[in-house]
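Trainee: Could you walk me through this model?
Mentor: Gladly, once we both have it on screen.

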Amino acid sequence: MFEITQEFKFFADSLPQIVWTSRPDGNLDYFNKSWYRLTGLSFDESRDLGIQSIIHPDEKSETVKRWKNSFENGVDFEMEYRLKDHQGHYRWYIARAIPMRGPDGDIVKWFGTCTSIHKQKEQAIELEKVNYELEKLHNDLDNLVYTASHELKVPASNLEGLVANIYDMVSHKSFDDDCELIADLMKQSVNQLYVNINQLVNMTKAQKKLNGHYFYVKLPGIIHQVMDDLKAQLNASKAKIDIDLKEPQICFTAANTKSVLYNLVSNAIKFRKPDQKCVVKISTWNENGHTVLSVKDHGIGIEPKEENRYFNMFKNLNEHIEGSGLGLYTVKKMVENAGGFIDVYGQEGVGAEFRLHFKNQ
C-alpha cells in the first residue's frame, strides 16, 4: 500500500500544477498546496468526490463519467474542465491521472495532476472568432466579386453598345434625332454605374465594425438631410414624410444613420402603390433597453413568410422593380455591427415596416 511520505509532499508542493492522489475506488485522498491556494477549500471539503462541487456544470457530468470509467477499468484518465477558484471565477485545466499497480497487478493508487490551460483556451477561443470572421470576410469578398461582375456589367455593356452607335454615326456622318436619345441613354447608364458603385462602397463599409465607437446621433437634422437628398424622388412621387420622434437620438454614427434612412425611405418611395398617395412614417420610441427607429409605409407590401429573406444579399423586394438587392443587406449589417437588430413586418398589398433596435449605451 502506497503511503504519502514527507519527501513526496515536498516534491508535490514544489510544483506549480495541482497534484492529487486517489484510492483505487476513485475517492481522492491527497492534494498539494496548489490545490488549496486555488480553491480555498479544506481537505475535508475536497476529499473523496468533493472536487465535483467546483467543476463547471457544463463539464461535471462528463468528468464524473470518465473518472468512473477510469478507476473501474484501470485506464488512464484525461479531461479538460473548468474549476472554480476561491474568488468564484472558473478557469480551464487539463486533468490527467494514471494508476500505480502492485506486484499482483492490482491498482493500489491513482496519481493525478491538474495543469492550467486557461490562457491557451482563451487564445483558442479568440482564434476561433478570428477564423469565423475571416471565413465571413472570404464569403463577403466572393459576394463582392460576384456583385462587381454582375451589377456593373449591365450598365457597362449598355455604354459599350451606345458608344459603338456614336462611332458608327461619326464614321457615316449621319447625325439625326437618335443622337439625343442615345445621349440620354448613356447618361442613364453612367448614373446607374455611380449608384451601383456607391452601393458597393456602402456594403464594404457596413461589413467593417467600428470597435464600439458609437455616439448619440440627433435624428431630426439627419432626417431632413435625407429628405433633401431624396427631393427629386419625393417631388416626382408626391410622397409625404411623417415624423414622430419620441426619442430624438440613437446610439449609432451620423453617416450610417443617414445611409440607413436613405435606403429605407427610398425603398418606401420606390415600392409605393401607383394609385395611392405615398406616405412614409419615421418614428422612434424606447423598448426593452433599446431605442427603436421605425420606417413604415403603405406600399405594395411584402410576403410575411419572406420577411427574413429580404435581408439577403442580391435579394430584390420586387423583381419587377429595378434594384441591386444590396440596400437592405447593408442596413442589416450596419445595425448588427452596432450591437442592434432589425425586424420587418408587412403584408402583401398593405405595406411594410422596418424596426431598427439600437442599444441605449
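Mentor: We will go through a sheet, its helices, a hairpin and a cavity in turn.

Trainee: What should I know before starting?
Mentor: This is a predicted model, in which local features need pLDDT of at least 70, side-chain atom pairs count only at pLDDT 80 or more, and totals for chains, interfaces and linings use all residues. Residues are numbered from 1 along each chain as its sequence is written, and side-chain values use heavy atoms, with hydrogens and water left out.

Trainee: In what order do the strands of the five-stranded open sheet come?
Mentor: The order is β7-β9-β10-β12-β11, with mixed pairing; strands here are DSSP runs of E of at least two residues, helices are runs of H or I of at least four, both numbered from the N terminus, and two strands pair if DSSP finds at least two bridges between them.

Trainee: Why is one side of β7 and of β11 left without a neighbour in the sheet?
Mentor: Both β7 (240–245) and β11 (341–347) are edge strands with a single partner strand each, so each has one side that no other strand of the sheet covers. From one strand to the next, the twist averages 15°, where axes are lines fitted to C-alpha atoms, for helices over the stretch in contact, and angles run from 0 to 180 degrees between N-to-C directions.

Trainee: And how many bridges link β9 and β10?
Mentor: Eight bridges, in the antiparallel sense, between β9 (residues 279–287) and β10 (residues 290–297), and S283 has S294 in β10 as its bridge partner.

Trainee: Which strands does helix α8 lie across?
Mentor: Helix α8 (residues 219–229) lies across β7, β9 and β10, at about 170° to β7. Helix α11 (residues 327–337) also packs on the sheet, touching β11 and β12 (351–359), contact being heavy atoms within 4.5 Å.

Trainee: Is α11 mostly covered or mostly open?
Mentor: Mostly covered, since nine of its 11 residues are buried, among them L328, Y329 and K333; buried means under 20% relative accessible area, exposed over 50% and partly exposed in between, with a 1.4 Å probe and protein chains only.Trainee: Where is the positive phi in the β4–β5 hairpin?
Mentor: At G105 in the turn, with a phi of about 90°.

Trainee: Which residues line the second largest cavity?
Mentor: Its lining includes A268, R272 and H298; a cavity is a set of points on a 1 Å grid over the protein atoms alone where a 1.4 Å probe fits but cannot get out, and lining residues have an atom within 4 Å of a point.

Terms used: On a 1 Å grid over the protein atoms alone, a cavity is a set of points where a 1.4 Å probe fits but cannot get out, and a pocket is an open set with protein on both sides within 12 Å along at least five of seven lines; lining residues have an atom within 4 Å of a point.
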